[in-house]
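Student: I would like a close look at a single part of this structure, the place where its two chains meet. Please take me through it in one connected account.

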2 protein chains.
Amino acid sequence: MRIGILGSGLMGAKLGTIFARVGHHVVFSYSHDQRKLDRLAQSAGHGARSGTPAEAAESADALLLAVHWSRVSDVLEKAGDVSGKVIVSCSLPMNADDTTLVVAHTSSGSETLAKKVPKARVVSAFSTVPSEVLFTVFSGRRSRKRPSLVYCGDDAGAKKTAARLIRDVGFEPVDAGPLRIARYTEPFTLLMAQLAYEGTRGPALAYRLEWRRERKA
Amino acid sequence: MRIGILGSGLMGAKLGTIFARVGHHVVFSYSHDQRKLDRLAQSAGHGARSGTPAEAAESADALLLAVHWSRVSDVLEKAGDVSGKVIVSCSLPMNADDTTLVVAHTSSGSETLAKKVPKARVVSAFSTVPSEVLFTVFSGRRSRKRPSLVYCGDDAGAKKTAARLIRDVGFEPVDAGPLRIARYTEPFTLLMAQLAYEGTRGPALAYRLEWRRERKA
């Protein structure tokens, strides 16, 4: 697939690198520092390129939205027309200090995003694990017990695309339902962040959802 | 320990039964139907009793609060003075239809509860898994890879009590920090409920938090 990365922070850089390594055509975009994008593309290898958000979006099969919430409108404007595009978003609706969600539990950042780009096909994914665990999971992607990654969205085709990318990184995709479930996955992300960054066991944290056989007593 | 169960729904009934089986002194309370409480106590065995909320609270080392949010004030009033008591709460702040949280992400049900009973020592725990998985986890409690259960609270001693109870049920307790983290664990509960009840793989769902070694690339 052709994948445009919007945002060159930890999530965008690492996921873009992984997507390139498994054979996708990746364009890194959206940094104040053009050299940073060039370095990212070079370090990712496998034909990854740097470009403008418009170049990243052009003919992309999927766009990864990985910018701070305060930059969403700006990056979308620079990306141009995203009608019909699959947008996989890991942008959380955080305030400027990154201390709290700015969208209440009666809505979610992903739903707000979907309203901004009503012709795009938004899937919420990848935010529920810290970036520190991505390469670890990727390196263990052939193992039998993969960690889970929840995703949600309202477009079945876009969700298939997202699930493939999730599997590419080494996670087992878990369909959590429609996009409004981002109201729960976004606070779950903050729980994961609390455990990863405020705990004593380090930031490389993943989770596994385990369905068991029910016992009655 | 002496454990008072406030609420005789699925969580209260199952956790009370498990607590009795591992040797705690359990009092079941708070049902419209006294015979239901009696049956619960009898079926749990191991000396479990039924009683009023005041009897459940009296000389209890820990109280499990497992009532619908709309009943919290009522059950607390009936329980009497809870100064100094450890309250382990799995009551979520849901509306009457159980369709949404009624406390926004700028607070949480557990924090609201702690304000109601400022002299009690509230820990938020047990709500993040569906009741259907409890006996399954309990029956596998000797296994090496236990599922996780997050808990949070502001009182270190009360958290120790909660962690012991969590371990008794067969989970690995994971300290998620202060009580305000319930703002994240409560929506996480709704995510778990969505996956358990709206998915195709059944309701006996648990989760395992896995700390890995970080890889840089």
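Student: Before turning to the interface, what is the mean pLDDT of chain A, and what share of its residues reach 70 or more?

Tutor: This is a predicted model, and chain A has a mean pLDDT of 93, with 100% of its residues at 70 or more. Within chain A, the confidence is highest in strand 2 (residues 25-29), at 98, and lowest in helix 5 (residues 109-116), where the mean is 91. For the complex, the predictor reports an ipTM of 0.85 together with a pTM of 0.87.

Turning to the interface itself, 48 residues of chain A are in contact with 49 residues of chain B, and the area buried between the two chains is about 4,300 Å², with carbon and sulfur atoms giving 62% of that area. Between chain B and chain A there are zero salt bridges, whereas 14 residue pairs are in polar contact, counting pairs with both residues at pLDDT 80 or more. On the side of chain B that touches chain A, at least two residues come from each of helix 1 (10-21), helix 6 (134-139), strand 8 (172-175), helix 8 (182-197) and strand 9 (205-211) of chain B. Helix 8 of chain B gives the most to that side, supplying 10 residues, and by character the residues of this side of chain B comprise 27 nonpolar, 13 charged and nine polar.

The two chains are also joined by strand pairing, for strand 9 (residues 205-211) of chain A runs antiparallel to strand 9 of chain B over seven bridges. Within this pairing, Leu209(A) stands opposite Tyr207(B), which lies in strand 9 of chain B.

How values were computed. Residues numbered from 1 in each chain as written. Chains lettered and ligands numbered in written order. Predicted model: local features only at pLDDT ≥ 70, side-chain atom pairs only at ≥ 80, totals over all residues. Heavy atoms only, no water. Contact = heavy atoms within 4.5 Å. Buried area = accessible area lost by both parts, 1.4 Å probe. Salt bridge = Lys/Arg side-chain N within 4 Å of Asp/Glu carboxyl O. Polar contact = N/O pair within 3.5 Å; in protein donor to acceptor, adjacent residues only side chain to side chain. Helix = DSSP H or I, 4+ residues; strand = E, 2+ residues; numbered from the N terminus. Nonpolar A, V, L, I, M, F, W, Y, C, P; charged D, E, K, R; others polar. Pairing = 2+ DSSP bridges. pLDDT = per-residue confidence, 0-100.
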